[in-house]
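Could you walk me through this structure, from the way its helices pack to the backbone of its loops? I would like to see how individual residues fit into the picture.

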Amino acid sequence: MGFTGFIGEAVIVGSLSHQQLQSIVAELDQAICSHERWYRELLKVLISHTLPNPEDLEPDAHHRCRFGQWCESSIAAHLRDHPDFAKLMAAHENMHCRARKLIRLSMDNQPIPVNDLDLFNEDLDRIRLAFEALKQEFVEKIQNRDPLTGVQNRARMLYHLREQQTLVQRGVQDCALAMLDLDHFKHINDEFGHAAGDAVLISTIQNLERFLRP
C-alpha cells in the first residue's frame, strides 16, 4: 500500500493532528518572540528610566502580557497538563513579581540589589529553558510522525521495534507484531485518485486507533 506506520505514539500525543502540532510550534515561536520583546522594553525602564508599561505594575501582570494572554488561548490548552508548561507558568509568574519590584525601585531612583537581579535572571533562564524543552518535544513529534495519518513514521517505528526486541531477548516480556495490508489499494488510487487513497489511509488509521488499547 506504499505506507509504513506504527500506531502507539498517537495515543500518547492524544488527538493532536499534524497541523495542530505545527500550529503549537509556531505559537511557541511567537510566544518566545513576545517574551523577548517584553524583556527588551523592561531593560529600557531599568537602565534608561523610560516610563514602564502600567500593566507591569499590576498584581496580575503575568496574565496581562502577550505571553500570559497566549497561555489562555485554545492552542495553549493542549499544553496545560504538560509538566514543562506548569514549570513555565510558575517561572513566568515569579518573573513578573520580581520585575514589578525592580520597576518600582527604578521609579524611586533606588539601587537594585544584586540578589534581586540575580533571582529575576534565574526566572528568565527557567522560562527560556522551559520554552526550548516544550518546542523541542513538539518538533520531534512532528519529525517522527507521518504527516498524512499522524502515526509514527518508519524511523520511529524501527526504534520502538528494536526496543521491544531487546525486552523479549532479556525475557522481560513477550511481543507480537501484527501487520495488515489493504486489498486493492492500488485500484482505489488508479480509479478514484490519490486524494481518495489518502482518505482511505486516514480512515483506516482512525478506526484502528479507536479500537486499540494504549
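What follows is a tour of helix packing, the nonpolar core, some single residues and two loop positions.

The model is predicted, so local features need pLDDT of at least 70 and side-chain atom pairs count only at pLDDT 80 or more, while totals for chains, interfaces and linings use all residues. Residues are numbered from 1 along each chain as its sequence is written, and side-chain values use heavy atoms, with hydrogens and water left out.

Let us begin with helices α5 and α6. Helices here are DSSP runs (H or I, at least four residues), numbered from the N terminus. Helix α5 covers residues 83–107 and helix α6 covers residues 114–143; the two pack at an angle of about 150°, with their axes 8 Å apart. The axes are lines fitted to C-alpha atoms over the stretch in contact, and angles run from 0 to 180 degrees between N-to-C directions. Angles under 35 degrees count as roughly parallel, over 145 as roughly antiparallel, 65 to 115 as roughly perpendicular and the rest as oblique. α5 and α6 are therefore roughly antiparallel to each other. Their crossing is left-handed, a term for a near helix turned anticlockwise from the far one by less than a right angle. The residues of the contact of α5 with α6 divide into 16 nonpolar, two polar and seven charged. In this sorting, Ala, Val, Leu, Ile, Met, Phe, Trp, Tyr, Cys and Pro count as nonpolar, Asp, Glu, Lys and Arg as charged, and the others, Gly among them, as polar.

Helix α2 also packs against α5, at an angle of about 25° and with the axes 10 Å apart. α2 and α5 are therefore roughly parallel to each other, and α2 passes α5 in a left-handed crossing. On the α2 side, His35, Trp38, Leu42, Val45 and Leu46 meet Met95, His96, Ala99, Leu102, Ile103 and Ser106 of α5; contact means heavy atoms within 4.5 Å. The residues of this contact divide into eight nonpolar, three polar and no charged.

Now for the interior. In soluble globular proteins, nonpolar side chains tend to be buried together. The largest nonpolar core here has 32 residues, of which Phe67, Trp70, Phe85, Leu88, Phe120 and Phe131 touch the most other members. Such a core is a set of buried Ala, Val, Leu, Ile, Met, Phe, Trp, Tyr and Cys residues joined through side-chain atoms within 4.5 Å. Buried means under 20% relative accessible area, exposed over 50%, and partly exposed in between, with a 1.4 Å probe and protein chains only. Helices α2 (18–48), α4 (66–71), α5 and α6 each supply at least two residues of this core, and the largest share, 11 residues, comes from α2.

Some single residues show these neighbourhoods in detail. Not counting residues up to four places away in sequence, Leu88 touches Phe67, Ile127, Ala130, Phe131 and Leu134. Leu28 has its place in helix α2 and, at 0% relative accessibility, counts as buried. With the same sequence neighbours left out (up to four places away), Leu28 touches Trp70, Leu79, Phe131, Leu134 and Lys135. Ile32 is found in α2 too, and at 18% relative accessibility Ile32 counts as buried. The C-alpha atoms of Ile32 and Phe131 are separated by 7.2 Å, although these residues are 99 residues apart along the chain. In α5 we find Ala86, which counts as partly exposed at 42% relative accessibility.

Further along the chain, helix α8 (residues 185–192) packs with helix α9 (residues 194–211) at an angle of about 140°, with their axes 6 Å apart. That makes α8 oblique to α9. Phe185, Ile188, Asn189 and Phe192 of α8 make the contact with His194, Ala196, Gly197, Val200 and Leu201 of α9. These contact residues divide into six nonpolar, three polar and no charged.

Finally, have a look at the loops. Most residues other than glycine have a negative phi. His49, which is not a glycine, has a positive phi of about 60°. His49 is found in the loop between α2 and α3 (61–64) and counts as partly exposed at 48% relative accessibility. Asn109 lies in the loop between α5 and α6, and the phi of Asn109 is positive as well, near 55°. At 63% relative accessibility, Asn109 counts as exposed.
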